[in-house]
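Here's a quick walk through a protein model, written for someone who would rather be at the bench. Have a look at the sequence and the fold, then read on.

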Amino acid sequence: MKTKTLHITNGDSCTQRIQELQIANGDFLVWREMLCEGPTDIAIEEKSTIKKRKHFFKKYYRISAEDYESKFVSQLEKIASFKQYDKIILWFEYDLFCHINMIAAISLLLRKNITNTPIYLVCSGRIEHEKKLYGLCELSDTQLKKHYQDKVLLTLDDMELAAHVWTLYCESKPQKIAGQIKNESSFKYLSICLRAHLQRFPNMMTGLNVLEHNILEMIENYEIKNIKQLMGYALEYQGFYGYGDMQLKRVLARLFQFLHQTTDRLLLSERGKLAFQHKKNFYNTQIIDWHYGGVKKYDYLYNDETHMLLKL
């Protein structure tokens with residue numbers, strides 16, 4: 001008897017690669033979302049949540065409601081017929097971008113009572129004898145096939161942990177996420193991603209978060225010629241965030257007051273030097289109405305000594 005598989009992938013490139021290499025047969029649900037940014041609710045399939053996400057994408061990324069409907073909402077309809085599948089395979093990467101999408105997908109599966117169907121995870125990241133972390137589409141053909149062969153069967157405890165973290169992400173008390181960092185599970189990179197998420201909130205000393213400060217450090221330590229080259233560095237050395245061009249363009253745009261462009265090099269402005277050296281707090285110049293899940297970014301401060309969030 002043939003089995004029927006549903007693959008939930010992290011994007012079109014991954015889906016295309018899997019199909020071209022004929023690694024696995026089945027149906028594909030492409031998760032074209034970036035729930036690591038903007039307001040979210042636990043039930044992403046509800047009309048109220050979809051309306052909220054459409055508004056966010058239109059306002060900040062000029063993505064129309066029609067595009068969101070056709071590219072993401074239409075994909076969710078495949079979950080409605082989950083009973084026809086004998087197993088489900090998740091294809092996500094090591095970074096925060098992917099992990100927030102992954103835990104949202106798992107939460108959705110649990111709400112649909114998909115508990116008797118085996119659910120597997122294919123997750124890229126560290127490769128033996130390599131320093132760099134690899135995305136799924138950066139793997140060689142052989143490596144990608146090996147990742148599929150070594151896919152991890154998620155336990156009910158794994159699933160419930162992921163759904164719980166998603167619930168916390170969508171709620172109004174992000175401090176509770178810190179309590180999940182040390183939990184053991186089949187998700188090798190979840191703890192690192194949760195810590196990276198907490199570090200997205202503004203530092204209590206400077207008003208800038210870890211990623212923003214790291215970008216200033218790049219400018220100080222490397223001979224970067226212009227914004228275009230800085231974008232390349234930021235994409236390559238962003239750590240566990242997994243942001244794409246769209247997200248990092250917004251990050252860089254918020255840092256212009258800290259930059260000074262000469263004829264042949266990008267430098268830190270006087271403000272940039274003060275922020276980089278932790279000598280002045282620029283919180284009041286940075287505040288915008290920006291959400292991470294259920295909370296506003298500038299309603300909390302990150303303490304890099306205790307690794308905790310403080311409510312303003």
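What follows covers the overall build, a small sheet, some salt bridges and the cysteines.

## The overall build

First things first: this is a predicted model. The chain folds into twelve helices and twelve strands. Its radius of gyration is 20 Å, close to the 20 Å that the globule rule gives for 312 residues, so the chain is as compact as a globular protein of that length. Along the principal axes, the C-alpha trace spans about 70 × 40 × 40 Å.

How much of the chain is buried? Buried residues account for 50% of the 312 residues. As for the outside, the chain exposes about 15700 Å², and carbon and sulfur atoms supply 49% of that area. Contacts also reach across the sequence: take those with a separation of 6 or more, and 69% of them join residues 24 or more positions apart.

## A small mixed sheet

One open sheet is built from three strands in the order 3-9-10, with mixed pairing. Strand 3 (38–39) and strand 10 (295–296) sit at the edges, each pairing on one side only.

Which way do strands 3 and 9 run relative to each other, parallel or antiparallel? Strand 3 and strand 9 (residues 291–293) run parallel, and two bridges join them. If you want a spot to click on, proline 39 has glycine 293 in strand 9 as its bridge partner.

## Salt bridges around helix 2

The model has twelve salt bridges, and three of them are worth a tour here. Start with glutamate 33 and arginine 53, whose closest N and O atoms are 2.8 Å apart. The pair links distant parts of the chain: glutamate 33 is in the loop between strand 2 (27–30) and strand 3, while arginine 53 is in helix 2 (residues 47–61), 20 residues apart. Are these two residues buried or exposed? Glutamate 33 has a relative accessible area of 4%, so it counts as buried. Arginine 53 is buried as well, at 1%.

Now for lysine 52, also in helix 2. Its side chain meets that of aspartate 41 in a salt bridge (3.0 Å, N to O). Aspartate 41 belongs to the loop between strand 3 and helix 2, eleven residues apart from its partner. Here both ends are partly exposed: lysine 52 has a relative accessible area of 32%, and aspartate 41 has 24%.

The third pair is lysine 54 with glutamate 69, meeting at 2.5 Å, N to O. Lysine 54 lies in helix 2 and glutamate 69 in helix 3 (residues 65–76), so this salt bridge ties together parts that are 15 residues apart in sequence. Glutamate 69 is partly exposed, at 35% relative accessibility.

## Cysteines without disulfides

How many disulfides does the structure hold? The count is zero. To qualify, two cysteine sulfur atoms would have to be within 2.5 Å.

Why does cysteine 123 form no bond? The closest cysteine sulfur, in cysteine 98, is 7.7 Å away from its own, and that is too far for a bond. Cysteine 137 runs into a similar problem, because its sulfur is 5.3 Å from the closest cysteine sulfur, in cysteine 14, again too far. Cysteine 137 is partly exposed, with a relative accessible area of 37%.

Terms used:
Residues numbered from 1 in each chain as written. Predicted model: local features only at pLDDT ≥ 70, side-chain atom pairs only at ≥ 80, totals over all residues. Heavy atoms only, no water. Buried < 20%, exposed > 50% of the residue type's maximum accessible area, 1.4 Å probe, protein only. Pairing = 2+ DSSP bridges. Helix = DSSP H or I, 4+ residues; strand = E, 2+ residues; numbered from the N terminus. Salt bridge = Lys/Arg side-chain N within 4 Å of Asp/Glu carboxyl O. Rg over C-alpha atoms; globule rule 2.2 N^0.38 Å. Contact = heavy atoms within 4.5 Å. Areas by Shrake-Rupley, 256 points an atom, 1.4 Å probe, with all protein chains shown as cover.
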